Amino acid sequence: MRTSFWFPLALCAAAAVCRGQSFPDKPGKAVFQRACGSCHAATMVLGRAMDHDQWSALVANMVTKGAKISDADFTVIVNYLAESFPPGAAAASGSEHAHHVVDAGPDDEQVVDPAAAARGRTVYIAECVTCHGAKARGARDDAPENLRGPDLVRSLIVLHDRYGSTIGPFLAQGHPMQSGHSSTSLSQAQILGLSHFLHAMVDETLRGGPYSQPVNILTGDAAAGRAFFAGAGGCGACHSPAGDLSHIASRYDAVSLQQRLVFPNSTRRRRGARMAQPQPVMITVTPPAKPPVKGVLVHIDDFNVALRDESGTYHSWKRTADLKVDIHDPYAAHIKLLNVYTDKNIHDLLAYLETLK
Amino acid sequence: MKNTIAVCMSAAVLAAQIPNSPRMLDPSPDTWPMYNGDYSGRRFSKLDKVNAGNIDSLSLAWVYRIGQGGESIGAIKSTPVLLDGILYFTVPDHVWAVDARDGREVWSYTWQSHGGIHIGNRGVGVYGNWLYFETPDCNLVSLNLKDGSERWHKPICDLDQFYFGSIAPLIVKDHVITGVSGDDLDIPGYLESHDPETGALQWRWYAHPNPGDPEAKTWPNTDAMLHGGGMTWGPCTYDPELNLLYFGTGNPQPVIAGKARQGDDLYTESIIALNPDTGKMAWYFQSSPHDTHDWDAIEVPMLIDGTVDGRPRKLLAQASRNGYFFVLDRTDGKNLVTAKFAKANWAKGTDAKGQPIPDPAKMPQPDGALVSPDQGGAANWPPPSFDPLTGLFYINATDAWSIYYIYDDSDKPEGWAGNDRGGYSQSSLEAIDYHTGKIAWRHKWEGWGSRAGVLSTAGNLVFTGDAANNFVAMNAQTGEPLWHANLARSVSNGPMTYELDGTQYVVVGAGDTLWGFAMLRKP
């Protein structure tokens with residue numbers, strides 16, 4: 001049982017209130033709950049606050065991990081999540097605070113007050129940063145012995161703290177500070193600020209924190225990329241820089257573009273982008289002694305196959321030895337490349353595509 | 001720091017009469033007394049009333065849905081434990097007792113949660129009249145088997161450090177073996193043994209060496225080692241003759257950025273053999289030295305009594321998340337086979353110990369590295385199966401690619417500090433010859449991927465799920481699909497089977513529903 005005896009701020013009367021554990025009634029809620037809830041509790045998304053692109057990337061990742069989500073449902077789910085849990089703490093779910101990490105940690109974890117954390121940062125820089133480091137992860141290895149403070153992000157005093165409940169008593173014992181004063185001189189407001197600042201540092205470190213983004217991926221050689229495009233990559237068989245790829249770099253940020261060129265079949269478009277949805281898989285089924293039926297693949301397994309033909313009519317068959325099934329996956333060339341190209345090829349291709357502004 | 005703390009060393013006073021001993025050591029076909037069905041982890045049943053010749057007549061016997069008021073509470077990832085005609089299974093914070101003959105609920109129990117990751121729960125352990133399960137908020141809970149009333153709960157980890165509980169406790173003699181999960185912040189993994197009567201800690205084994213041990217040199221410094229991960233969230237197996245407990249450990253931490261933990265990072269991503277009475281390690285084998293791809297080596301360490309070069313051998317096989325199939329001598333951990341069973345482009349080869357050698361170029365990079373398999377892995381927690389009649393090891397294997405990025409390229413990354421993005425995957429059910437690691441047959445699923453568990457039976461059958469929500473039975477010798485049922489959700493656990501009143505049942509979980517199939521036709 002944790003009690004905030006040091007600063008008895010009863011911000012969270014009930015854990016559920018803190019976490020804002022509810023799903024807004026918006027279009028797509030049922031689709032989201034059905035698709036995501038069939039593998040894990042749907043509540044795993046609660047506390048996340050991300051933009052449309054980030055939700056899109058996360059849900060696409062889930063598809064690669066086995067989530068059964070159709071292209072149509074994909075859009076519905078991403079729209080639901082992006083509208084229900086957008087960036088920006090308070091707006092996220094009606095809660096006072098958006099956690100960075102899915103579902104991890106205790107229900108009663110501290111709700112970081114950004115203003116108090118900013119005040120705490122000032123105290124931290126004045127009194128602590130020399131020994132504990134800019135990110136509160138401890139001193140650098142080459143710091144002098146007497147200035148080597150431990151990692152505070154991993155500190156149990158910090159992790160067990162709620163609003164100063166353990167940091168306060170620790171500092172009350174007297175801890176040396178940069179100014180030469182003892183920590184016993186800190187006011188309660190300063191300690192509360194330090195508590196918020198340190199919890200913010202922990203949140204930043206966690207998966208899904210604000211820095212969970214690639215930093216610099218434009219390392220390739222555009223000329224080499226152009227050569228691969230026209231040569232070994234065989235990209236010109238389907239794409240042209242003046243045609244479907246014209247201005248491609250102004251439609252996607254570099255990370256999305258790299259993902260899309262390697263995994264076009266699992267990387268969905270940004271909302272508003274003019275790029276087409278992934279192209280459908282086409283299939284031709286030829287029953288014995290009957291004309292072939294061609295259409296968009298709806299379903300296939302070892303036992304049955306179904307398609308929708310040009311007129312919109314649905315057909316299905318039991319799969320038998322004499323039922324001929326020809327599948328045309330428009331992304332087959334991309335899948336083949338996964339076993340062919342090097343990381344340099346990919347980075348070069350990206351550098352080349354980046355020239356197509 | 002002591003690696004093994006003996007809190008209550010009562011090995012000497014082991015009771016001669018352990019309530020479940022006979023049914024644990026040689027389970028009869030009307031029981032399934034633990035997560036894997038028996039201590040070997042083979043998930044093979046001698047039952048053959050349902051067989052390749054009559055599988056067409058396997059029909060639906062009952063359905064049990066866990067949904068409460070329409071809100072999703074997760075998928076059934078646990079394999080039910082069956083004792084005295086009752087199935088016991090879980091999702092996070094929930095336990096059910098259901099009549100194995102007709103799927104009617106006997107009782108249910110809900111834990112009031114204080115947080116933790118609710119990604120899945122693998123099930124229960126049973127000792128005498130008591131049931132044990134772990135909660136996401138770090139408790140080991142004991143219930144009365146009869147009515148689901150709570151006897152006690154004991155903390156097994158610290159939520160504030162982002163640990164959580166998910167595994168099915170294994171009962172070995174008078175030990176309740178529990179493991180821990182969680183890799184958001186940099187914390188050490190450990191395995192514990194608890195007293196089945198009181199829940200008191202008997203011993204704890206940490207997934208890192210003691211400072212000063214030779215293996216401690218696989219870390220750059222003690223601080224990195226003591227924050228180095230190695231969660232114990234996979235199922236344990238046990239060899240009563242050797243009195244050794246086997247399990248795998250999870251990824252090192254920080255997870256993706258390995259800069260501040262150069263070296264092999266023992267005992268992360270290793271297969272471990274422990275004495276269950278003392279928690280003392282007998283041997284280890286590292287499936288993924290210095291991993292940077294989140295490829296926990298917690299997949300079932302399966303015990304196979306096989307023959308090698310004409311000699312009977314006590315073997316242990318693992319199809320690891322990193323794409324490699326390993327066969328070890330389980331008496332001493334010596335490697336006999338290392339072979340890829342799925343696409344894996346991250347290793348430069350294998351060393352003298354049979355361990356893959358990671359290729360630095362395929363570690364995550366700031367600009368991205370195309371890696372196979374992806375973070376989900378070539379295999380994962382869903383249990384494989386071994387059929388001693390065919391001599392084949394069955395696993396849903398995934399060829400998968402993803403791009404791994406470093407997000408924090410500073411000297412002191414923490415937490416994850418990177419991740420994989422996007423991807424493509426393709427799954428097959430594979431039958432692997434344990435002598436060589438060669439694929440005897442491979443059945444490629446239509447669609448993107450299947451991560452279902454596997455059951456094999458003496459009826460020349462293999463049961464699993466495909467990528468299209470079907471529960472499928474295949475010919476164990478040839479891989480030919482013989483029977484299927486569309487369950488509307490992916491198979492989400494390891495299927496199990498049993499015989500009651502002369503009828504063989506096959507039970508499988510798919511999302512929020514437990515399905516009971518049976519051979520109802522009279523022969």
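**Reading the contacts, helices and strands of a two-chain model**

Me: Which residues does Gly148(B) touch, not counting residues up to four places away in sequence?

Reply: In this predicted model, Gly148(B) touches Val95(B), Ala97(B), Trp107(B), Ser108(B), Tyr109(B) and Leu143(B). Gly148(B) itself is placed in the loop between β10 (139-144) and β11 (150-155) of chain B.

Me: Does Gly148(B) count as buried, exposed or partly exposed, and why?

Reply: The reading rests on a count of neighbours: a residue is buried with 20 or more other C-beta atoms within 10 Å of its own, exposed with 12 or fewer, and partly exposed in between. Gly148(B) has 17 C-beta neighbours inside 10 Å and therefore counts as partly exposed. In chain B, 65% of the 523 residues count as buried.

Me: How many residues apart along the chain are Gly148(B) and Ala473(B), and what separates their C-alpha atoms?

Reply: The two lie 325 residues apart along the chain, and their C-alpha atoms are separated by 34 Å. For scale, the C-alpha atoms of chain B fill a box of roughly 65 × 55 × 50 Å along the principal axes.

Me: Why does the radius of gyration of chain B agree with a compact globule?

Reply: One compares the value with that expected for the chain length. A compact globule of 523 residues would have a radius of gyration near 24 Å, and chain B has 22 Å, so the two agree. Among the contacts in chain B with a separation of 6 or more, 60% are accounted for by residues 24 or more positions apart.

Me: How many helices and strands does chain B have?

Reply: Chain B has 2 helices and 37 strands. One open sheet of 5 strands runs in the order β2-β31-β32-β33-β34, with mixed pairing. Its edge strands are β2 (44-45) and β34 (481-486) of chain B, each of which pairs on one side only. Within the order, β31 (residues 455-457) and β32 (residues 461-465) of chain B pair in the antiparallel sense over 3 bridges. Thr457(B) stands opposite Leu461(B) in β32(B).

Me: At what angle do α2(A) and α4(A) pack?

Reply: The crossing angle decides the description, and 65 to 115 degrees counts as roughly perpendicular. α2(A) and α4 (residues 71-84) of chain A pack at about 110°, their axes 9 Å apart. These two helices are therefore roughly perpendicular to each other. The contact joins Lys29(A), Val31(A), Phe32(A) and Ala35(A) of α2(A) to Asp73(A), Val76(A), Ile77(A), Tyr80(A) and Leu81(A) of α4(A). By class, this contact has 7 nonpolar, no polar and 2 charged residues.

Me: At what angle do α5(A) and α9(A) cross?

Reply: The axes of α5 (residues 114-127) and α9 (residues 188-205) of chain A cross at roughly 100° and come within 7 Å. α5(A) and α9(A) are therefore roughly perpendicular as well. Among the residues that meet are Ala116(A), Gly120(A) and Tyr124(A) in α5(A), and Gly193(A), Phe197(A) and Ala200(A) in α9(A). This contact has 8 nonpolar, 5 polar and 2 charged residues.

Me: How many residues does the contact take from chain A and from chain B?

Reply: The size of an interface is often given as the accessible area lost when the parts come together. Here a residue count is available: 56 residues from chain A and 56 residues from chain B. On the side of chain A, at least two residues each come from α2 (29-37), α3 (52-64), α12 (254-262), β2 (293-300) and α14 (343-354). The largest share, 4 residues, comes from α3(A). The residues of the side of chain A divide into 24 nonpolar, 22 polar and 10 charged.

Key. Residues numbered from 1 in each chain as written. Chains lettered and ligands numbered in written order. Predicted model: local features only at pLDDT ≥ 70, side-chain atom pairs only at ≥ 80, totals over all residues. Contact = placed C-beta atoms within 7 Å. Nonpolar A, V, L, I, M, F, W, Y, C, P; charged D, E, K, R; others polar. Rg over C-alpha atoms; globule rule 2.2 N^0.38 Å. Axes fitted to C-alpha atoms, helices over the stretch in contact; angles between N-to-C directions. Parallel < 35°, antiparallel > 145°, perpendicular 65-115°, else oblique. Pairing = 2+ DSSP bridges.
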